[in-house]
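Subject: Structure handover and notes

Dear colleague,

I am passing on the structure below, together with a written account of what was found in it. Please read the notes with the coordinates open beside them.

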Amino acid sequence: MRKILAAVAAALLATGAGLFSASAADKLKVGFIYLGPIGDLGWTYQHDQGRLALVKELGDKIETTYLENVSEGPDSERSIEQLARAGNKLIFTTSFGYMEPTLKVAKKYPNVHFEHATGYKRDKNMSTYSGKFYEGRYIQGLIAAKMSKSGVLGYIGSFPIPEVISGINATMLAAQTINPNIKVKIIWVNTWFDPGKEADAAKALIDQGADVIMQHTDSPAAMQVAAERGKLAFGQDSEMIKFGPKTQLTSIMDNWGPYYIERVKAELDGKWKSEDTWDGLKEKMVVMAPYTNMPDDVKKLAEDTEAAIKAGTLHPFKCPIIGQDGKEVECKDGHLADGAILGMNFYVKGIDDKIPGK
Amino acid sequence: MQLVLEKRAERSTGIALVSPLIAIALTLVTMSILFAILGKNPIAALGVYFIDPLTDSYSLQEIAVKATPLVMIAIGLSLCYLANAWNIGAEGQFLMGAVAGSWLAVKTQGTDAGHWVLPAMLLLGAIAGALYALIPALCKVRFGASEILTSLMLVYVADLLLDYLVRGPWRDPKGFNFPTTAEFDPVATVPVLIEGGRLHFGSIIALAVVAAGAVLLGRTIKGFEIRVVGAAPRAARFGGFNANQLVLVTFAISGALAGLAGIIEVAGPIGHLQPGISPGYGFTAIIVAFLGRLNPVGILIAGLFLALTFIGGEQAQIAMKIPLDVTKVFQGILLFYVLACDSLILYRFRFISASPKVQSGAH
């Protein structure tokens, strides 16, 4: 018993000393909240790659901390607050479901700056940032329609939120320019990361005749299933070619590093302010993996389209946009307004499905 | 010489008291080794896990918030387990309570409904949890169906019902299709006890539940009945106790407590109904119940201790960059040692010589 007491006393002293030395350092502390494990090879992995890029660039001026596997339920508010209490002055919360918790903690800690990925609620100390992933989806739609023999695409959806809906619509608008009768089968798995469910969905889609699989979930499971079955697939969030060397056509890769570096620099210079950032291919927040496993003409089409989107001469949601009901959606100035894309809650014509719960 | 495990003639009360302490000591030693292998200072790491969270009001509050549902559910489960009724589906009863209470919150949203809303929600949550728990209990009593299987399977039913509701009829119209209800109105929210903190009135209810559990088991005939039916079914039958009725009663109580915990969690720390409201509280509570030796005060301590490992684990991630998985290993090791040490209550080690001496000349 005396030994345990001695150990406890020693622990108290040791941690006391630890805290003291930590507060003595005056590096800017930057915190990250991750949805999945950093080894998910998708969404969270890419955010962590962004953090590592940040450390590489500014490592002598900052100290980063992350919490992984933070569920979007009741625990996330505590996790965010823990980071704020630990002295982090800039905190990135990297999933949609952290929106309300981030907002709550931001109100409690007015001197801490928060950055929430993919949400729409902001405050004077809370910014939002996201990528225009639909630009990449448009290119994938073209490739998919060119490569599909059955004329049926398989799409694994996570949650029917606007970001995902706009991805499906962009894919189909592009695919219809190649094959007006193209079909898409959609399965909602209601999770961002669950390799088992994602694999099951991919199998079901292939059984329903889909020969090109795309996904809005975070793991390479769908790619692996497509590879086993000899079908084609797109990666998601990160480069997934090693999971399907003969399967991956391209991948929409999230490139958060430059943004994280820019925001942390602003924080270091005292110039941080609450903003809404929505960048795409042009700003390189969204990057396409090399175009592989396709004939040269398809590759050229993809590259030309990518260049056109970057140059601003092509917009995936150019007018007119026809909804599922056959009516034209309000659209002016040549393409859908950003707000309409950010709040998208309808399918375009040609999608033979219903948005869940709508 | 040979080492054998030998059954004791009776329970060793001395070992029963020190066994949790031995288990904790062994856990600390094992974790220290693990930390050392990871290249972390074991003393500092254990300090972050166990001491730091106890040193400030914020962490103490968070421990209470995390322990509240665990303790409430575990108290109910302990009654079931003492009576030999195996309710494994507290998670489902938790969800059903949350759903039933949220129904009122959603229906009164934006109206000028008064302060009766929250009490009514809590009542609805408890009733729904109890009714939901009675399904497997009735199946057992009436048809002899295994309550272990039926109560467990009903968890998934509750999970899918909640999922359907927040994706469909109850979805926040301004929520961009994200599966969640709108934030509850203030009258439908469990009040916070300390301004700026997260400690809420539910923790006081949990303490009241602990007290009620202690009184029920220690001072009432019902409590005696529960113990006797569980410990000595034959004696209970001779004593005229109705085991079937007791299955219904204990299931109803534990369902009600789980349901109450569910609606308190939703109307308290979360503030709206969404999928994933429970990180497995209903299952973790089973561990808490046994860690607390099916004793109300023991359960309170076990719940707080398990909550401490969660909060400490998070702080260890921040302060010492110790991966989350280590916290899970930690909890697993603790349970392992607790169960291992418990076997010493009923058994003891004894050395016996390998070759029994041949007795001679005693014919």
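Helix α12 of chain B, residues 296–320, is a convenient place to begin, because its length can be checked by simple arithmetic: at 1.5 Å a residue its 25 residues should span 36 Å, and the C-alpha atoms at its ends are 35 Å apart, which agrees. Please bear in mind throughout that this is a predicted model.

As to its surroundings, 19 of the 25 residues of α12(B) are buried, so the helix is largely enclosed by the rest of the structure. Just after α12(B) comes B:Lys321, whose phi is positive, at about 55 degrees.

Turning to chain B as a whole, the chain contains 13 helices and 2 strands, and its C-alpha trace extends over about 95 × 60 × 35 Å along the principal axes. Of its 363 residues, 49% count as buried. If one takes the contacts in chain B with a separation of 6 or more, 79% of them are between residues 24 or more positions apart.

In chain A, the feature that I would look at is an open sheet of 6 strands, which run in the order β2-β1-β3-β4-β5-β11 and pair in the parallel sense. The edges of this sheet are taken by β2 and β11 (276–279) of chain A, each of which has a single partner strand, so that one side of each is left without a neighbour in the sheet. From one strand to the next, the twist averages 15 degrees. Within the same sheet order, β4 is followed by β5, and these two strands of chain A, residues 113–117 and residues 126–131 respectively, are joined in parallel fashion over 4 bridges. To locate this pairing in the coordinates, one may start from A:Glu115, whose bridge partner in β5(A) is A:Ser127.

Finally, there is the interface between the chains, where 35 residues of chain A are in contact with 30 residues of chain B. On the side of chain A that touches chain B, α1 (2–24), β2 (62–67) and α3 (75–85) of chain A each supply at least two residues, and the largest share, 9 residues, comes from α1(A). Sorted by class, that side of chain A has 18 nonpolar, 11 polar and 6 charged residues. Strand β2 of chain A therefore appears twice in these notes, as an edge strand of the open sheet and as a contributor to the side that touches chain B.

With best regards

Methods. Residues are numbered from 1 along each chain as its sequence is written. Chains are lettered from A and ligands numbered from 1 in the order in which they are written. This is a predicted model: local features need pLDDT of at least 70, side-chain atom pairs count only at pLDDT 80 or more; totals for chains, interfaces and linings use all residues. Two residues are in contact if their C-beta atoms, placed from the backbone, lie within 7 Å. Ala, Val, Leu, Ile, Met, Phe, Trp, Tyr, Cys and Pro count as nonpolar, Asp, Glu, Lys and Arg as charged, and the others, Gly among them, as polar. The expected span of a helix is 1.5 Å times one less than its number of residues. A residue is buried if 20 or more other C-beta atoms lie within 10 Å of its own, exposed if 12 or fewer, and partly exposed in between; C-beta atoms are placed from the backbone. Two strands pair if DSSP finds at least two bridges between them. Axes are lines fitted to C-alpha atoms, for helices over the stretch in contact, and angles run from 0 to 180 degrees between N-to-C directions.
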